[in-house]
Amino acid sequence: MDERDIRLLKAISDLGTGSPERLHEETDIPVSTIHYRLNNLREAGIIENDLYDIDLEAVGLGVTVIVELLTDYNGSHHDFEDKILDVEGVSQAYFTMGETDFVVIAHLPDQEMVERLITDLETIEEIRRTNSTFVVSSLRHSTRAFEHYDLETLLEELADE
């Protein structure tokens, strides 16, 4: 990635859109160049999709639960990770180091679904214990990591020389 690619990704994160016209207004990169670069970023797998952010609380998924999973397994975690990912409501899952083996985040409609989520997780043979935390309020919920960096930092750390 070069400086223009990083400027485009930063603008997409800040504006919440991939509109070439809006990106041109923000970056002064010509619209035709933006089209070309967005296509290249998609082909490289850097841009994965066209996102429409959803207000989860407004649609009824306002209960956020963070669940730590402590496991006991032989072999690789890859052998059973699909079981975790198949649990309804799991929107994010991470394999971690330390005392906790996995962290799961779920956005659910109510307490009954929280109970079902925990029950479904606890029925997975390799999971020995869960530790659940209810989110009281969200301080930041973003899927756009670039918006939380200064452009200069991104250019310094990510741009090809």
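**Close-ups of the sheet, helices and rings**

**View 1. Four strands make an open sheet, in the order β2-β3-β1-β4, with antiparallel pairing.** The model shown here, as in every view below, is a predicted one. Look to the edges for β2 (90-95) and β4 (127-134): each has a single partner strand, so one side of each is left without a neighbour in the sheet. From one strand to the next, the twist averages 20°.

**View 2. β2 and β3 run antiparallel, joined by 5 bridges.** Strand β3 covers residues 102-108. One residue to pick out is Phe95, whose bridge partner in β3 is Phe102. We'll come back to these two rings in View 4.

**View 3. Helix α5 lies across β1, β2, β3 and β4.** The helix takes in residues 111-122 and runs at about 15° to β1 (63-71).

**View 4. Tyr73, Phe80, Phe95 and Phe102 gather into one aromatic cluster.** A pair of aromatic rings is described by the distance of the centres and the angle of the planes. The model has 3 aromatic pairs in its count. For Tyr73 and Phe80, the ring centres sit 5.0 Å apart with the planes at 55°, so this pair is tilted. Tyr73 is partly exposed, at 26% relative accessibility, while Phe80 is buried at 2%. Phe95 and Phe102 also make a tilted pair, with 5.3 Å centre to centre and 50° between the planes. Here Phe95 is partly exposed, with a relative accessible area of 44%, and Phe102 is buried, at 4%.

**View 5. Helices α1 and α3 cross at roughly 90°.** Two packed helices are described by the angle between their axes and the distance between the axes. For α1 (residues 3-15) and α3 (residues 31-43), the axes come within 11 Å. The crossing angle makes α1 roughly perpendicular to α3. On the α1 side, the contact is made by Arg4, Asp5, Leu8, Leu9 and Ile12; on the α3 side, they meet Thr33, Ile34, Arg37, Leu38 and Leu41. Sorted by type, the residues of this contact come out as 6 nonpolar, 1 polar and 3 charged.

**View 6. Asp28 has a positive phi in the loop between α2 and α3.** Most residues other than glycine have a negative phi. Asp28 is not a glycine, and its phi is near 65°. The loop that holds Asp28 follows α2 (20-27) and leads to α3. Asp28 is exposed, with a relative accessible area of 64%.

Notes. Residues numbered from 1 in each chain as written. Predicted model: local features only at pLDDT ≥ 70, side-chain atom pairs only at ≥ 80, totals over all residues. Heavy atoms only, no water. Axes fitted to C-alpha atoms, helices over the stretch in contact; angles between N-to-C directions. Helix = DSSP H or I, 4+ residues; strand = E, 2+ residues; numbered from the N terminus. Parallel < 35°, antiparallel > 145°, perpendicular 65-115°, else oblique. Contact = heavy atoms within 4.5 Å. Nonpolar A, V, L, I, M, F, W, Y, C, P; charged D, E, K, R; others polar. Buried < 20%, exposed > 50% of the residue type's maximum accessible area, 1.4 Å probe, protein only. Pairing = 2+ DSSP bridges. Phe/Tyr/Trp six-rings, centres within 6.5 Å; stacked < 30°, edge-to-face > 60°.
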